Amino acid sequence: MSKNHLSNYKKASDGKKDEEKIYDKLLLVADYVSGMTDGYAKRLYRELRGI
């Protein structure tokens, strides 16, 4: 994940309860996945699966 994504998460979740941070984490993942191209998503999938 890019430093920009992680920085945005840290800013959004600063001072929140753990339960509230879950929502911010889900938004972070959704934003990351939505920004992927099809080719990048396939390469990442293969890399993670060891294919």
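**Helices and contacts in a predicted model**

The protein chain has a mean pLDDT of 89, and 100% of its residues reach 70 or more; pLDDT is the predictor's confidence in each residue, from 0 to 100. This is a predicted model, in which local features need pLDDT of at least 70, side-chain atom pairs count only at pLDDT 80 or more, and totals for chains, interfaces and linings use all residues. Residues are numbered from 1 along each chain as its sequence is written, and side-chain values use heavy atoms, with hydrogens and water left out.

Q: In which helix of the protein chain is confidence lowest?
A: Helices here are DSSP runs (H or I, at least four residues; strands are E, at least two), numbered from the N terminus. Confidence is highest in helix H3 (residues 38–49), at a mean of 94. At the other end, with a mean of 86, comes H1.

Q: Which residues of H1 are buried?
A: Let's settle the words: buried means under 20% relative accessible area, exposed over 50%, and partly exposed in between (1.4 Å probe, protein chains only). By that measure, the buried residues of H1 are His5, Tyr9 and Ser13.

Q: How wide an arc do these buried residues cover around the axis of H1?
A: The arc is taken from the directions that run from the helix axis to the C-beta atoms. The buried residues of H1 lie on the same side of the helix, because their arc around the axis is only 50°.

Q: Which exposed residues does H1 carry on the face turned away from its buried side?
A: The buried side has a cover that includes helix H2 (18–34). The face turned away from it carries the exposed residues Lys3, Asn4, Lys10 and Lys11.

Q: Is His5 buried or exposed, and which residues does it touch?
A: His5 sits in helix H1, and it counts as buried because its relative accessibility is 18%. Contact means heavy atoms within 4.5 Å. Not counting residues up to four places away in sequence, His5 touches Leu28, Asp31 and Tyr32.

Q: Which residue forms a salt bridge with Lys16?
A: Side chains of opposite charge can pair when their charged atoms come close. The rule asks for a side-chain nitrogen of Lys or Arg within 4 Å of a carboxyl oxygen of Asp or Glu, and the count comes to one salt bridge. Lys16 is partly exposed, at 33% relative accessibility. The closest N and O atoms are 3.0 Å apart, and the partner of Lys16 is Asp24.

Q: What is the relative accessible area of Asp24, and which residues is it in contact with?
A: Asp24 has its place in helix H2. With a relative accessible area of 8%, Asp24 is buried. Leaving aside neighbours within four places in sequence, its contacts are Tyr9, Ala12, Ser13 and Lys16.

Q: How far apart are the C-alpha atoms of Asp24 and Lys11?
A: Along the chain, Asp24 and Lys11 are 13 residues apart. In space, their C-alpha atoms are separated by 10 Å.

Q: What accessible area do the residues of the nonpolar surface patch have together?
A: Patches are made of residues with over 30% relative accessible area and no salt bridge, joining like charges within 9 Å and nonpolar side chains (Val, Leu, Ile, Met, Phe, Trp, Tyr) within 5 Å. Leu6, found in helix H1 (residues 3–13), is partly exposed, with a relative accessible area of 37%. Areas come from the Shrake-Rupley method with a 1.4 Å probe, and for residues only the protein chains shown count as cover. Met1, Leu6, Val29 and Val33 form the patch, and their accessible area together is about 330 Å².
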